[in-house]
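Please keep the model open in your viewer and make each selection as it comes up in the text. The tour goes from a helix to the core around it and ends elsewhere in the chain.

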Amino acid sequence: MEAACTSRFQFKKGWIEKTMITFSPNKLNRLFVFACVLCISLFLVAPHAEAKPPDYNGGVANEYIYEEVFFLTGHPIEFSGKATITEKENKGKVTSTYRFTLTGKNGEKLTRSVVYVADLEKREDKGQTTSNSSIKSYSEKITMPDKTTYTLDDYQFSQGTVIDNRPASDYYSGNVVGRKIYKVKYGSTKTEDFITVHFSGRNMGYENFWGATETQLIDYEIVKPNGQSAFVTSKVSDSKSRVLQYEPHDPSLSSFTGGHAVISESNMIGEYTYNIPYGDGVGTIHLNRKRTPKIERLIVPKFRDLNKHWAKDHIEKLYSLGVFDETTQFFSPNTPMKRYQYTVGILKAVDIRVLEEPKSKKKAPRTPIFKDLNVKDPDYLYIESAVEKGIITGVTPDRFDPDAPLTRVQAIAILVRALGMEGRAPSPGFRTHYVDDYQIADWAKDSVYVATELGLVSGDERNRFNPKQPLTRAQAAALTSRFLEFLEDDLQQNYRDDILFFN
């Protein structure tokens, strides 16, 4: 789903946004994807992540078409067509409108319009945002070839979400519960019935510069007038990722041999299981819909001292991204990485916005947060932002020691704090499994434990962590590269594949 949004949640920044997303059918190539809808229009109006399934219907989409499946007849009916989503924020409220115009293969028609309103509360002191959503208006009608109609007569809906806004990535979780009542008119007769659909579910997701995933799990119970029930469970996940890929350059008579590109990919996958005793019985439906990738070429590195170096690929990737802003043809991979350089590089790598200069006609002299920093340095605001966000601290209250060699334990602390996961360590007093655990300072032990559990770092051949060992520029590049892989791949695996396929 392509949305007019940035790499952060829209409402978290307090912006007023209006986003329109349209999925429409390709007339030359009808693409059919099964999705379990039950005509339930549930919508999480909380974090506007870059990845989000279109509504809470189990439907999937790419840039060409939106499709879903209707189950109230007792027999799955495939619908496809156009879906338009509009969102806007104003004074702490997000209003989201979903409109669907769909048709079935045998002439069935489905129209739906639903408007949800979410009340947002930003807790700056906690670094979190909560959202509570309700239904504002609704209309929905499904018409069958024999003139039987299903019209939404009543819709009750409640949804709540919490977003943990961390420096390098946001994480969120939500719950939803509701009920829909449909009035059924059979053909040209005057016979009417009511079908009730009860639903409850949850969703979870993350969003950062390198990727975003939202996975939704919904349970539905369809109750017929005679008391018979059918059950459907929908699992659907929308995922977007930005992956670094090396692109070779074949000509031998050239100024460079190859370079990197960022490949932006997006796909929706899902699984739906149903048990309809009075209809089609038991079944499972799988989904998979991809969007066309986008390619962004990066600058080409031309270092002359990396030939056959073990960290060559890591260094060149990060240079292409602008993480390392070198001005010479020599990277000096075996020299120590400095605290200042590494901190700036991490903030650039994950696209953390720096603090802005205050806008004033009379600019008062800016005072550095540490006495040994220079506010005129072009990267100074990265350091100030890192301190303000709790990613790094000074070596003393008034000294940063910018040119000091970066140690392993300092680097790990920066990464884990950027992820916001230092709180996932056990209660104080625990020991890591490293034989030199006693050398790990108390202030860093949480970060070392979490980084080890996440697979960001490991010990040497003797299971030593070596916390005070200075990192070379090559080692720092390899660690940063692994950090980006975590943001690109590991989070997606955990929020999508582990939930859909291994739960």
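Select α1 to begin: Ile315, Glu316, Leu318, Tyr319 and Ser320 in this helix are buried, where buried means under 20% relative accessible area with a 1.4 Å probe and protein chains only, and helices are DSSP runs of H or I of at least four residues, strands being E runs of at least two, numbered from the N terminus. This is a predicted model, in which local features need pLDDT of at least 70 and side-chain atom pairs count only at pLDDT 80 or more, whereas totals for chains, interfaces and linings use all residues. Residues are numbered from 1 along each chain as its sequence is written, and side-chain values use heavy atoms, with hydrogens and water left out.

Add β13 (258-276) and α6, which are included in what covers the buried residues of α1, and then step to glycine 322, which follows α1 and has a positive phi, near 85 degrees.

Next, colour the largest nonpolar core, a set of 69 residues in which Tyr342, Phe483 and Leu487 touch the most other members; such a core joins buried Ala, Val, Leu, Ile, Met, Phe, Trp, Tyr and Cys residues through side-chain atoms within 4.5 Å. The largest share of this core, 11 residues, is given by α6.

Centre on tyrosine 342, which, neighbours within four places in sequence aside, is in contact (heavy atoms within 4.5 Å) with residues including Met337, Leu406, Ile414 and Leu479.

Finally, select serine 96 in strand β5 (residues 93-104), a buried residue with a relative accessible area of 0%. Valine 115 lies 19 residues from serine 96 in sequence, and their C-alpha atoms are 5.6 Å apart.

Key:
Buried < 20%, exposed > 50% of the residue type's maximum accessible area, 1.4 Å probe, protein only.
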